[in-house]
Amino acid sequence: MIMKNNKKLAQIIRVNHAGEFGAKVIYEGQLAALKLKNDQESIKLIEHMKEQELEHLDYFNKAIINQKVRPTIMQPIWHVGGFAMGFLTALLDKRAAMCCTTAVEEVIDEHYQDQLKFLAKEQEKLTDDEKKETKELEEKIEKFRAEEIEHRDIGYDNKAKELPYFTPLSTAIKCATKFAIFVSKKI
Ligand SMILES: [Fe+2]
Ligand SMILES: [Fe+2]
């Protein structure tokens with residue numbers, strides 16, 4: 001329960017919990033639209049990514065409880081916003097759905113890299129018990145980051161960049177993701 005009392009560690013748990021929850025609802029939104037369009041091929045790809053997001057979310061769900069960290073108060077907003085973003089992108093164009101994934105995952109990759117750097121630096125200041133707990137967190141973040149990179153690559157392999165409005169859509173989604181990260185750390 002050490003993380004509750006360490007502001008920075010509590011922020012890491014809170015923002016990652018929010019992010020993995022967001023990833024889950026984005027994919028749920030995309031799946032809802034793809035089912036309407038009966039696009040079985042894309043459904044299979046996205047089901048695979050969603051399975052991994054559920055595992056990420058499960059870890060941070062448990063961390064929120066075990067470490068007694070308060071979840072972000074923005075969760076209901078991220079729920080609606082994430083689902084809408086997933087639903088609309090997938091409804092517009094399969095490549096827009098893939099662009100949504102590449103944009104989000106590129107931001108998350110950097111976000112997880114920053115956290116890993118921070119945790120490595122923080123090690124010297126921790127007691128043995130604290131080290132044990134943050135070690136597990138570090139290992140999870142490393143594993144999840146590798147899977148987010150895999151998701152990004154799935155997006156590019158499935159023609160995200162062939163979307164005519166790839167750059168503006170990607171930029172907008174990256175801004176929204178960065179904003180959600182910033183807010184979820186604080187509140
Ligand atoms: Fe994830
Ligand atoms: Fe992901």
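**A two-iron site and its surrounding helices**

Histidine 56 has a relative accessibility of 0% and therefore counts as buried, a class defined by a relative accessible area under 20%, with exposed meaning over 50% and partly exposed in between (1.4 Å probe, protein chains only). The model is predicted, so that local features need pLDDT of at least 70 and side-chain atom pairs count only at pLDDT 80 or more, while totals for chains, interfaces and linings use all residues. Residues are numbered from 1 along each chain as its sequence is written, chains are lettered from A and ligands numbered from 1 in the order in which they are written, and side-chain values use heavy atoms, with hydrogens and water left out.

His56 (ND1) is one of the donors of the iron ion (ligand 1), which is also coordinated by Glu20 (OE), listed twice, Glu53 (OE) and Glu148 (OE), at 2.0 to 2.8 Å. Donors are N, O and S atoms within 2.8 Å of the metal (3.2 Å for Na, K and Ca); water is not among the atoms, so sites may look incomplete. Along the chain, the donors of this ion follow the spacing E-x32-E-x2-H-x91-E. Glutamate 53 and histidine 56 both belong to helix 2, where a gap of 3 residues places them about one helical turn apart. Helices (H or I, at least four residues) and strands (E, at least two) are DSSP runs, numbered from the N terminus. Glutamate 53 is likewise buried, its relative accessible area being 0%.

The iron ion (ligand 2) has as protein donors Glu53 (OE), Glu105 (OE), Glu148 (OE) and His151 (ND1), at 1.8 to 2.4 Å. Their spacing in sequence is E-x51-E-x42-E-x2-H. The two iron ions lie 3.8 Å apart and are bridged by glutamate 53. Around ligand 2, the 4 donor atoms subtend angles of 87 to 136°, and the arrangement is therefore irregular. Four donors count as tetrahedral if all angles lie between 85 and 135 degrees; four count as square planar and six as octahedral if opposite donors are over 155 degrees apart and all others between 65 and 115; anything else is irregular. Glutamate 148 and histidine 151 are 3 residues apart in helix 5 (residues 128–157), hence separated by about one helical turn. Glutamate 148 is buried at 2% relative accessible area, and histidine 151 is buried at 0%.

Helix 2 (residues 40–66) packs against helix 5 at an angle of about 165°, with the axes 11 Å apart. Axes are lines fitted to C-alpha atoms, for helices over the stretch in contact, and angles run from 0 to 180 degrees between N-to-C directions. The two helices are therefore roughly antiparallel. Among the residues that meet across this pair are Glu53 and His56 in helix 2 and Glu148 and His151 in helix 5.

Methionine 98 is located in helix 4 (residues 94–122) and is buried, with 1% relative accessibility. Its C-alpha lies 5.0 Å from that of alanine 160, although the two residues are 62 apart in sequence.

Two loop residues that are not glycine have positive phi values. Asparagine 38, with phi near 50°, lies in the loop between helix 1 (7–36) and helix 2 and is exposed at 53% relative accessibility. Lysine 159, with phi of about 70°, is found in the loop between helix 5 and helix 6 (166–186) and is partly exposed at 45%.

Notes:
Angles under 35 degrees count as roughly parallel, over 145 as roughly antiparallel, 65 to 115 as roughly perpendicular and the rest as oblique. Contact means heavy atoms within 4.5 Å.
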